[in-house]
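Colleague: I would like to learn how to read this model feature by feature. Please give the general idea each time, then the case at hand.

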Amino acid sequence: MQTDNTSPITINVRQSTGTYIAKANGHKPTASCTTGPTQAAESLARKIGLAPSMLQERQRDGLGYGCSRFIHSGELATNTSDKAHCPNCGICHTREETCIEAKARIGGVA
Ligand SMILES: [Zn+2]
């Protein structure tokens, strides 16, 4: 389950009747949002345990209408605050433990 490699992840966002749907290459979960493509991509990044602040929007050249593309470095979200309580996932864990690992520890299944 655990992947240590931080290869870049592409997130594609498609607009469909006012809803933005984000999908990531190689990841099953999707996220939808009506606010905008960036918010949809951030929501999906959180879902798959990536640090939302690391998202970068790519040029739309060659993409269809209503489509956006984001690139993520693949860096996993972790507790970057100085507090024990993680601002990303709400679980108390350290900087060394990623949010995915913390969720797996608390809930058994990530
Ligand atoms: Zn966390």
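Modeller: Start with contacts: two residues are in contact if their C-beta atoms, placed from the backbone, lie within 7 Å. This is a predicted model. In the chain, residues 24 or more positions apart account for 31% of the contacts with a separation of 6 or more.

Colleague: Which secondary structure elements does the chain have, and in what order do they run from the N terminus?

Modeller: The chain has 2 helices and 5 strands. Read from the N terminus, the order is β-β-β-α-β-β-α.

Colleague: What does the radius of gyration of the chain say about a compact globule?

Modeller: The chain has a radius of gyration of 15 Å, which agrees with the value near 13 Å for a compact globule because that is the figure for 110 residues. The C-alpha trace spans about 45 × 25 × 25 Å along its principal axes. As for burial, 25% of the 110 residues count as buried.

Colleague: Which domains does the assignment give, and what distance separates their centres?

Modeller: Domain 1 covers 9-72 and domain 2 covers 77-110. Their centres, taken over C-alpha atoms, are separated by 23 Å.

Colleague: Next, strand pairing. In what sense do β1 and β2 pair, and over how many bridges?

Modeller: The pairing of β1 with β2 is antiparallel, over 6 bridges. Within that pair, Ser16 stands opposite Thr19, and Ile11 stands opposite Ala24. The two strands form a hairpin with 2 residues between them, and Thr17 in the turn has a positive phi of about 45°.

Colleague: Which other strand pairs with β1?

Modeller: β5 does, in the antiparallel sense and over 6 bridges. Asn12 stands opposite Arg69 of β5.

Colleague: How many bridges join β2 to β3?

Modeller: There are 4 bridges between β2 and β3, and the two strands run antiparallel. Ala22 stands opposite Ala31 in β3. This hairpin has 5 residues between its strands, and Gly26 takes a positive phi near 80°.

Colleague: How should I read the two faces of a strand?

Modeller: In a regular strand the side chains alternate between the two faces of the sheet. In β2, the covered face holds Tyr20, Ala22 and Ala24, while Thr19, Ile21 and Lys23 make up the uncovered one.

Colleague: And a nonpolar core?

Modeller: In soluble globular proteins, nonpolar side chains tend to be buried together. The largest nonpolar core here has 18 residues, and those that touch the most other members are Ile11, Val13, Ala22, Ala40, Ala41, Leu44 and Leu50.

Colleague: Which elements each supply at least two residues of this core?

Modeller: They are β1, β2, α1 (37-47) and α2 (99-107). Of the elements, α1 gives the most, with 4 residues. The core draws at least three residues from each of domain 1 and domain 2.

Colleague: Take one core member. Which residues is Val13 in contact with, leaving aside its neighbours within four places in sequence?

Modeller: Val13 is in contact with Tyr20, Ile21, Ala22, Pro37, Ala40, Ala41, Cys67, Ser68 and Phe70.

Colleague: Phe70 is on that list. Is Phe70 buried or exposed?

Modeller: The cut-off is 20 or more other C-beta atoms within 10 Å for a buried residue. Phe70 has 23 within that distance, so Phe70 is buried. Phe70 is found in strand β5. Leaving aside neighbours within four places in sequence, Phe70 is in contact with Ile11, Val13, Ala41, Leu55, Gln56, Glu57 and Arg58.

Colleague: What separates Phe70 and His85 in space?

Modeller: Their C-alpha atoms are separated by 29 Å, with the two residues 15 apart along the chain.

Colleague: Is Gln59 buried or exposed?

Modeller: A residue is exposed if 12 or fewer other C-beta atoms lie within 10 Å of its own. Gln59 counts as exposed because 7 C-beta neighbours lie inside 10 Å. The place of Gln59 is in the loop between β4 (55-57) and β5 (67-72). Gln59 and Arg69 are 10 residues apart in sequence, and their C-alpha atoms are 7.4 Å apart in space.

How values were computed:
Residues numbered from 1 in each chain as written. Predicted model: local features only at pLDDT ≥ 70, side-chain atom pairs only at ≥ 80, totals over all residues. Domains from an automatic or database assignment. Core = buried A, V, L, I, M, F, W, Y, C linked by C-beta atoms within 7 Å. Pairing = 2+ DSSP bridges. Rg over C-alpha atoms; globule rule 2.2 N^0.38 Å.
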